Amino acid sequence: MATTNPTVTGAWTLLVDEGDEFLLTLPVASQTIYVAIGLVADAPALGTIGHPLRPGEDGMNRALIGPGPVFAKCIDPDASVAVALTAWTPT
């Protein structure tokens, strides 16, 4: 299990590989992000909005979003934000 603080920008960023479990939160009140499943390590399809994750919410995990690689991006295309990500490969 590893906890990191990757930066999410206005472009889709791969955060979690397909099959891995995770907990994603926004530790600082700042930018709302969208979280979506991609297509085999490719970014979500053009026009995909994703699920909003706002600061102060409980977070996003595999049980809520479903199978596949997990991507995130800021709602504001010019913004960036550090997220708190704990990810692990189930045994």
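1. Which residue stands opposite Thr-3 in β10? In this model, which is a predicted one, the residue opposite Thr-3 is Thr-86, and the two belong to strands β1 and β10, which run antiparallel and are joined by three bridges. This pair is a convenient place to begin reading the structure, and the points below move outward from there.

2. The overall make-up should be set down before the details. The secondary structure of the protein comes to one helix and 10 strands, and along the sequence these elements follow the pattern β-β-β-β-β-β-β-α-β-β-β. The radius of gyration is 12 Å, close to the 12 Å that the globule rule gives for 91 residues, so the protein is as compact as a globular protein of that length. Along its principal axes, the C-alpha trace spans about 35 × 30 × 20 Å.

3. The strands β1 and β10 belong to an open sheet of four strands, whose order is β1-β10-β4-β7 and whose pairing is antiparallel. At the edges of this sheet stand β1 (2–4) and β7 (60–61), and because each has a single partner strand, one side of each is left without a neighbour in the sheet. For a student meeting sheets for the first time, it may help to recall that strands of a sheet pair through backbone hydrogen bonds, either parallel or antiparallel.

4. Within that sheet, strand β4 (residues 21–25) is joined to strand β10 (residues 84–88) by five bridges, and the two run antiparallel. To find this pairing in the structure, one can look for Glu-21, which stands opposite Trp-88 in β10.

5. There is also an open sheet of four strands in the order β3-β8-β5-β6, again with antiparallel pairing. Its edge strands are β3 and β6, each of which pairs on one side only, and from one strand to the next the twist averages 35°.

6. Strand β5 can be followed through both of its pairings in this sheet. With strand β8 (residues 70–74), β5 pairs in the antiparallel sense over five bridges, and here Ala-36 stands opposite Phe-71 in β8. With strand β6 (residues 51–53), strand β5 (residues 33–37) is joined by three bridges, and these two strands also run antiparallel; in this pairing Ile-33 stands opposite Leu-53 in β6.

7. Which residues touch the most other members of the largest nonpolar core? This core has 18 residues, and those touching the most other members are Val-8, Phe-22, Leu-24, Ile-33 and Val-35. The elements giving two or more residues to the core are β3, β4, β5 and β8, and the largest share, three residues, comes from β8. Ile-33 therefore appears twice in this note, as a residue of the core and as the one opposite Leu-53 in β6.

8. Phe-22 deserves a separate look. Leaving aside residues up to four places away in sequence, Phe-22 touches Val-16, Met-60, Asn-61, Arg-62, Ile-65, Val-70, Leu-85, Thr-86, Ala-87 and Trp-88. Among these contacts is Thr-86, the residue that stands opposite Thr-3, and another is Trp-88, which faces Glu-21 across the pairing of β4 and β10.

9. Is Asp-17 buried, partly exposed or exposed? Asp-17 lies in the loop between β3 (13–16) and β4, and because its relative accessibility is 46%, between the limits of 20% and 50%, it counts as partly exposed. With residues up to four places away in sequence not counted, Asp-17 touches Arg-62, Gly-68 and Pro-69. Asp-17 and Asp-58 are 41 residues apart in sequence, and their C-alpha atoms are 21 Å apart in space.

10. Some totals complete the picture. Of the 91 residues, 38% count as buried, and the protein exposes about 5,100 Å², of which carbon and sulfur atoms supply 56%. Among contacts between residues at least 6 apart in sequence, 81% join residues at least 24 apart.

Terms used. Residues numbered from 1 in each chain as written. Predicted model: local features only at pLDDT ≥ 70, side-chain atom pairs only at ≥ 80, totals over all residues. Heavy atoms only, no water. Pairing = 2+ DSSP bridges. Buried < 20%, exposed > 50% of the residue type's maximum accessible area, 1.4 Å probe, protein only. Contact = heavy atoms within 4.5 Å. Core = buried A, V, L, I, M, F, W, Y, C linked by side-chain atoms within 4.5 Å. Axes fitted to C-alpha atoms, helices over the stretch in contact; angles between N-to-C directions. Rg over C-alpha atoms; globule rule 2.2 N^0.38 Å. Areas by Shrake-Rupley, 256 points an atom, 1.4 Å probe, with all protein chains shown as cover.
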